[in-house]
Structures are given as C-alpha cells and as structure tokens.
Amino acid sequence: MVVRRRRWSLSVAVVISLIAFGATVPSAAVAAGCSSSTLSVAAHEDDDILFMNPDLQNDVRAGACVTTVYLTAGDAGLGTSYWVDRELGPQAAYATMIGTGATTWSSAIRTYAGHPVKTVSSNDGRVTLVYLRLPDGDMSGTGYPSTGNTSLPQLWSGSIATIQAVDGTATYTKAQLLSTIASVVAATSPTTIRLQNAAGDASDHADHVAGGKFALSALASSGFSGTVVGYEGYGVTDRAANVTGDDLPLKKAAVASYSAHDSRLCDGEPVCPTGGSLQLTVRQYTMPLANPVQPVAGAAPTTGPDVARNASVTASSQLPGVEAVHAIDGVIDGYPGNAAAEWSTAGERTGAWIQLSWAAPQQLDHVTLYDRPNSNDQITGGTLTFSDGTT
C-alpha cells in the first residue's frame with residue numbers, strides 16, 4: 001500500500017471484534033508464583049541473549065518469570081538439523097542465567113490464536129520459550145531457496161500473503177501472525193515487553209526490523225499498557241561498550257552456553273564470544289519505539305454516523321502537525337487546501353498502515369477514504385483488515 005496522506009470517514013455492517021486472543025495457556029507469572037512477568041519478542045534464537053541482555057538476566061536474577069517468543073527458526077537456509085540444535089541454545093543460555101546448568105525443560109504444543117506452537121518451560125516454571133519456527137529471511141529479507149524465499153519482511157510488506165513454519169505445522173497470514181503474538185501477550189500477562197528495533201538501519205538484519213514491526217503492531221491491538229522497551233541491533237557496534245561489572249561475565253557465560261548449539265555464532269572458534277559476537281556481548285542499547293504502543297486518543301466523539309470519530313488511532317508513523325488523529329477528524333480537505341487536516345507518514349510507502357480501535361464492537365456498512373488529488377501522492381492499493389483476520 002502506497003501511503004503518504006489519507007483522509008478517513010467511516011460509517012456502519014461488518015461486525016468487528018477488537019481482538020480474539022484464543023490462548024489456552026495460564027499466565028506464566030501466576031503459574032510460577034512470580035511477582036512480575038517479562039515477555040521478549042525476538043527474530044532469532046540468539047537475539048534476546050545478545051541484544052536484550054543484561055536486562056534479561058537481571059529480570060531472571062530478580063525472580064521474574066520470563067517468556068521469549070522466537071519468530072523464526074533461525075535456520076539460515078541450512079536445513080532441519082541446524083535449527084533444531086539451535087533451539088537448544090536459548091535453553092542452555094537461560095539455564096546459565098538462572099544459575100544452574102542442571103535445569104531441565106518440559107516440552108509442549110500450545111495453541112495461540114488457533115495456531116499450534118512448540119514451547120519449552122524450565123522445571124521451575126520461570127522461563128518459557130516459544131518457537132514459531134518461521135523461515136529465516138537472511139540479512140536482506142529475501143529469504144532462502146530451501147524455504148521458498150519467504151520471510152517476515154515480505155509478509156509485513158504484503159509481497160506474500162502467507163508464510164509457513166519450517167516444520168509445516170502452521171501457516172500464517174499477516175493478520176494471523178499479529179493475533180498470535182497478541183495471544184501470547186494475553187497468556188503471559190507481562191508487566192514489561194522487550195522487542196527489537198522496528199525503525200531499522202542499514203546495518204541491521206531485515207528479520208530484526210520486521211519482527212519489531214510485528215510486535216509493535218500486535219501490542220497496539222492488544223491493549224497492553226505496561227512498559228515496552230526497544231533494543232538496537234547490529235548498529236550497537238558503532239557505540240561504546242557499556243556492559244560492565246557483574247553483568248559482563250554473566251552475559252559472556254550465557255552467550256558461551258548458547259554457542260555450544262550454534263557453531264555459526266563464533267565461526268567454530270574454540271572460545272566464544274569472540275570477534276563480532278564479543279562486540280555485541282559487551283554492548284546493550286535501548287532506543288525509542290518506532291511508533292507508540294498505546295493508541296493516541298482520536299478526535300472528540302460525535303453523535304453522527306461517522307464511527308471513525310469515536311475510535312482511537314495508531315499508525316506506522318506520522319509527522320509533526322499531521323499526526324494520525326487528523327485522519328479521523330471529520331475534515332475531508334487536505335493538501336493543497338488544508339494540509340493540517342490530514343495524516344502523513346514519515347515518508348513511508350509500501351507497508352505503511354493506520355489502525356482504528358474501538359471500546360466495543362462496531363457495525364459498518366461502508367468505508368470511505370479521501371486521498372490527495374495529485375498523482376505522485378495517491379494511494380494505488382491497500383488492504384482493509386479486521387481484527388478477526390478477515391480482509
């Protein structure tokens with residue numbers, strides 16, 4: 001969808017539910033008696049350990065329950081044996097962070113938003129790892145031939161309609177993947193959510209960026225109101241080392257435990273972390289979220305038929321003075337007549353989105369979009385997605 005500016009007016013006959021989570025799992029914090037619960041969403045099996053640490057190990061040491069969702073199998077196009085062994089890496093790393101290498105894990109298939117998902121939990125119930133096993137997208141997001149050159153970035157942008165787990169157990173549309181992530185949020189009742197950089201930069205992995213976008217969008221739909229922390233990816237190596245003191249040896253130990261199941265991390269070197277992995281280990285940087293998780297309040301409600309005016313609105317991005325709330329302000333005019341009465345993304349094109357959320361289900365009989373008249377700003381196509389996954 002090409003989106004620069006758009007005007008919205010909605011009136012009423014498809015019933016829209018907000019979010020149907022459909023999880024069959026009790027809250028991890030309740031199950032293990034933890035006073036707090038942390039949820040991390042990572043693209044690959046080492047991303048949380050490298051980029052969200054030492055925050056994660058400090059969560060563990062403080063007695064929090066920790067759940068991590070790994071969106072991809074991290075297969076790197078190398079086949080089943082590689083990603084199966086790689087899934088053992090986080091288990092070894094978290095056992096190190098818990099403080100006992102003897103931690104045992106129980107495996108289960110849990111259902112999130114109607115999708116079967118492999119999970120493992122530590123014997124004390126404090127750590128749960130969730131493996132969605134979607135194809136690794138490679139650095140550029142083009143994917144690998146062994147998995148049909150499909151990837152998270154392609155699903156996000158709409159260049160593919162569905163993506164299948166590498167073990168063939170589940171297939172997701174974009175809306176279904178968002179609902180699945182939201183379902184995990186509902187099941188774990190986290191107080192803090194950690195995710196990757198949705199803004200992206202030239203040095204970062206395309207899966208990191210797409211994973212962050214999926215996580216942010218799912219959170220905006222879920223009504224989550226806790227703390228959300230975003231983490232910088234490969235770009236941290238341009239910054240000063242900042243993991244020091246007691247945090248550093250524990251993070252190194254966790255990375256070393258992980259590396260026993262992923263020979264690619266340190267390229268087979270006898271000591272790990274080393275080289276590039278060491279540069280990541282001695283750094284951790286948070287960064288502002290690409291867009292807010294909590295919806296921005298829309299314009300004042302009216303009694304008219306335009307139900308968009310009663311919604312809260314979020315968007316993939318916005319510019320100062322032309323925020324997303326202007327898309328539902330009831331004013332049809334925009335540029336060139338009244339440029340302040342419109343929403344503008346921060347230069348986005350394909351993949352930009354705007355989302356309306358209501359406090360109760362709404363019934364719609366039509367949707368009207370108003371766009372700029374000049375051809376270079378016009379929207380040439382898009383998808384209207386409802387919270388039940390229909391489009």
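**Notebook: sheet, helix H7 and a cavity**

I started with strand S10 and found that five bridges join S10 to strand S11 (residues 227-231), the two running parallel. In that pairing, I noted glutamine 196 opposite tyrosine 231 of S11. A reminder to myself: this is a predicted model.

Next I looked up the whole sheet. I found an open sheet of eight strands with mixed pairing, in the order S5-S6-S7-S4-S3-S10-S11-S12. Strand S5 (105-112) and strand S12 (286-287) stand at the edges with a single partner strand each, so each has one side without a neighbour in the sheet. I kept the background in mind: strands of a sheet pair through backbone hydrogen bonds, in a parallel or an antiparallel way.

Then I turned to strand S4 (residues 65-72). Is S4 mostly covered or mostly open? I found it mostly covered, with eight of its eight residues buried. On the S3 side, six bridges join S4 to strand S3 (residues 37-42), and the pair runs parallel. Threonine 38 has valine 66 of S4 as its bridge partner. S4 also pairs with strand S7 (residues 127-134), again over six bridges and in the parallel sense. There I saw tyrosine 70 opposite tyrosine 131 of S7.

On to helix H7 (residues 174-188), where I checked the length. How far apart should its ends be? At 1.5 Å a residue, its 15 residues should span 21 Å, and I read 22 Å between the end C-alpha atoms, which agrees. H7 is mostly covered, with 12 of its 15 residues buried. Among the buried ones I listed Leu177, Leu178, Ile181, Val184 and Val185, and also Ser179, Thr180 and Ser183. Just after H7 comes serine 189, and I noted its positive phi, near 45°.

I then looked at histidine 205, in the loop between strand S10 (192-196) and helix H8 (206-222). Is histidine 205 buried or exposed? Its relative accessible area is 7%, and buried means under 20%, so histidine 205 is buried. A polar atom of the histidine 205 side chain lies 3.5 Å from the backbone oxygen of aspartate 138.

Last, I went looking for empty space. The largest cavity has a volume of about 40 Å³. I found Gln196 in its lining, along with others including Leu195, Asn197, Leu216, Gly230 and Met287. By kind, I noted the lining residues as eight nonpolar, three polar and no charged. Gln196 thus came up twice in my notes: in this lining, and opposite tyrosine 231 in S11.

Definitions and conventions. Residues numbered from 1 in each chain as written. Predicted model: local features only at pLDDT ≥ 70, side-chain atom pairs only at ≥ 80, totals over all residues. Heavy atoms only, no water. 1 Å grid on protein atoms, 1.4 Å probe; cavity = no way out; pocket = protein on both sides within 12 Å on 5 of 7 lines; lining within 4 Å. Points joined across faces, edges and corners; volume = space filled by probe spheres on them. Nonpolar A, V, L, I, M, F, W, Y, C, P; charged D, E, K, R; others polar. Buried < 20%, exposed > 50% of the residue type's maximum accessible area, 1.4 Å probe, protein only. Helix = DSSP H or I, 4+ residues; strand = E, 2+ residues; numbered from the N terminus. Pairing = 2+ DSSP bridges. Expected span 1.5 Å × (residues − 1). Polar contact = N/O pair within 3.5 Å; in protein donor to acceptor, adjacent residues only side chain to side chain.
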